[in-house]
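Let's take a friendly walk through a protein model together. Have the sequence and the 3D view ready, and follow along as each part comes up.

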Amino acid sequence: MARFRRRTCIILLLFILFICSIMMALKTLRLDRAGFGDPFGLGLLPELQQRTVFLENKQNSLNRVQGDTVTHVNNFHSSTVNTMKASMPPVNKLEEELSSPNYNFHVFYYSWFGNPQFDGKYIHWNHPLLPHWDPKIANNYPKGRHNPPEDIGANFYPELGSYSSKDPSVIEAHMKQMRSASIGVIALSWYPPGMADENGEPTDDLVPVILDFAHRYGLKVTFHIEPYKDRDDRSMYNNVKYIIDKYGGHPAFYRYKTSTGRFLPMFYVYDSYVTIPEIWANLLTVSGSQTIRNTPYDGLFIALLVEEKHKHDIHRSGFDGMYTYFATNGFSYGSSHHNWANLKAFCDSNNLMFIPSVGPGYIDTSIRPWNNHNTRNRVNGKYYETAFSAALLVRPEIISITSFNEWHEGTQIEKAVPKRTGQVAYLDYKPHKPNVYLELTQKWSEKYRKEKEQWLM
């Protein structure tokens, strides 16, 4: 009898184990997405997922230099884009949550920052202290480089820390901030492939990722062509052709609708005055030897105006307009608010576009310690609002903003936070929140829209 009971217990135990096994097997067949959210795993960490993909992309870029085929790179880029898209929420949802983009508000954007996690070292945050051109003055100021992450080449400290411009989570945060500010167009600082500023590294490989994220947030991207060695009519023709051929088909590529109904790409040309008008005329006039006019690569070319005399050079060169860039009121003729009415009148009479540049303030003593006289205090946002008010007075077609993240010169509207280290006490936006300049931009974007309706009546 005892043996029978023992056998019954064993059979019952085996039956229970069998039932449990079936239940576990059925559980593993459930849908990937349960009713209350994602199952535990990488699906809950899209940023980590994107960072992994981007690091793989970086490694493949290095392999490409060592001899990988173009086909391999194109296939990898496609898989990277698909992975990012898979982790992105629907665009419609973002559209509902954020301010509508104003495509007449352009902001200058820099993708030259790097850190050890994504770049193997710090880039630009460790900016050197630039000496004054007069050795006698230079001797009175410190020399050397900044030492991130606590000591960076800026007077303010970013909320995102000493970030890398290659970090997808950073790019997305930037796009979201711009969109929350009702900005519509990113004027991306750009050097030709393989080229960079003297403190940075080439960034053209990052353009496709920026375009993809910009599109997600309903933003457009135009190109702010920086000065580089031997920039002339021939190299600029090749630059423009390269940009349009490679990026012109992307839905985030910016085109401006002209009064004749044409949709043309726009190019800001920094330090355009360094090149003589005759060279520019070869590219930008119909009769020029390297003319880009009435070709598939035609566009709107906007020159930098610094001195008053540049307006005549810009007109002779064949440019389509001018911008003022500098955020320091009074630093140059172009950046002085009281000169904007005269410049707008000159442009109107010569069929040129005038694009004033507004900024929240200026301070670059973290990299130019001798340049105190050009500092412009933000006055808790009043300086920025004064610049916007001056810009609206001349009724421009476009307003440019200097800048989203030129941290070295303290013109950023990106979120900044209070920070104090043993050596440095950074400036901040107090008593306001870190997003105060984004909110002010959004406020003036709406004001611009309303006033423009009145101008057109």
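## Starting with one residue

Leaving aside its neighbours within four places in sequence, which residues is Leu 440 in contact with? They are Gly 381, Tyr 384 and Glu 385. Keep in mind while looking that this is a predicted model.

Leu 440 itself sits in helix H14. Its relative accessibility is 12%, so Leu 440 counts as buried, the cut-off being under 20%. Take Tyr 384 as one of its partners: the two residues are 56 positions apart along the sequence, yet their C-alpha atoms lie 8.2 Å from each other in space.

## The whole chain

Now zoom out. The protein chain contains 14 helices and 10 strands. It has 457 residues, and 52% of them count as buried. Its accessible surface is about 22700 Å², with 56% of that belonging to carbon and sulfur atoms.

How much of the contact network joins residues 24 or more positions apart? Among contacts with a separation of 6 or more, such residues account for 72%. Leu 440 and Tyr 384, at 56 residues apart, give you one example to find on screen.

## Aromatic rings

The structure holds 32 aromatic pairs. One of them is formed by Tyr 109 and Phe 404: the ring centres are 5.9 Å apart and the planes meet at 55°, so this pair is described as tilted. The pair links distant parts of the chain, with the two positions 295 residues apart in sequence numbering. Tyr 109 belongs to strand E1 (residues 102–109), while Phe 404 is in the loop between strand E10 (399–401) and helix H14 (436–455). Are these two residues buried or exposed? Tyr 109 is buried, with a relative accessible area of 1%, and Phe 404 is buried too, at 0%.

Ring pairs also build a cluster from Phe 105, Phe 156, Tyr 384, Phe 388, Tyr 429, Tyr 437, Trp 444, Tyr 448 and Trp 455. You have already met Tyr 384 as a contact of Leu 440. Two rings of the cluster, Phe 156 and Tyr 437, have Arg 378 over a face: the distance to the ring centre is 4.7 Å for Phe 156 and 4.6 Å for Tyr 437.

## Two helices that meet, and one that is enclosed

Find helix H10 (residues 277–284) and helix H11 (residues 310–317). Their axes come within 8 Å and cross at roughly 35°. On the H10 side, the meeting residues are Pro 277, Glu 278, Trp 280, Ala 281 and Leu 284; on the H11 side, they are Asp 313, Arg 316 and Ser 317. This contact is made up of 4 nonpolar, 1 polar and 3 charged residues. When you look at helices like these, a general rule helps: an α-helix has 3.6 residues a turn, so residues three or four places apart point the same way.

Helix H8 (residues 207–216) shows another setting. Of its 10 residues, 9 are buried, so the helix is largely enclosed by the rest of the structure. The buried ones include Val 207, Ile 210, Leu 211 and Phe 213, and also Asp 212 and Arg 216. Just after H8 comes Gly 218, which takes a positive phi of about 75°.

## Backbone details in the loops

Where are the cis peptide bonds at Pro 149 and Pro 431 found? One runs from Pro 148 to Pro 149, with omega near 5°, and Pro 149 is in the loop between helix H6 (135–138) and helix H7 (168–180). Another joins Lys 430 and Pro 431, with omega about 10°, and Pro 431 is in the loop between E10 and H14.

Two residues other than glycine have a positive phi worth finding on your screen: His 124, near 70°, and Asn 380, near 55°. His 124 lies in the loop between helix H5 (116–119) and H6, and at 1% relative accessibility it counts as buried. Asn 380 lies in the loop between strand E9 (357–358) and helix H13 (382–393); with a relative accessible area of 45%, Asn 380 is partly exposed.

Technical notes:
Residues are numbered from 1 along each chain as its sequence is written. This is a predicted model: local features need pLDDT of at least 70, side-chain atom pairs count only at pLDDT 80 or more; totals for chains, interfaces and linings use all residues. Side-chain values use heavy atoms; hydrogens and water are left out. Helices (H or I, at least four residues) and strands (E, at least two) are DSSP runs, numbered from the N terminus. Buried means under 20% relative accessible area, exposed over 50%, partly exposed in between (1.4 Å probe, protein chains only). Contact means heavy atoms within 4.5 Å. Accessible areas come from the Shrake-Rupley method with a 1.4 Å probe; for residues, only the protein chains shown count as cover. Rings of Phe, Tyr and Trp (its six-membered ring) pair if their centres lie within 6.5 Å; planes under 30 degrees apart count as stacked, over 60 as edge-to-face and the rest as tilted. A charge sits over a ring if NZ of Lys or CZ of Arg is within 6 Å of the ring centre and within 35 degrees of the ring normal. Axes are lines fitted to C-alpha atoms, for helices over the stretch in contact, and angles run from 0 to 180 degrees between N-to-C directions. Ala, Val, Leu, Ile, Met, Phe, Trp, Tyr, Cys and Pro count as nonpolar, Asp, Glu, Lys and Arg as charged, and the others, Gly among them, as polar.
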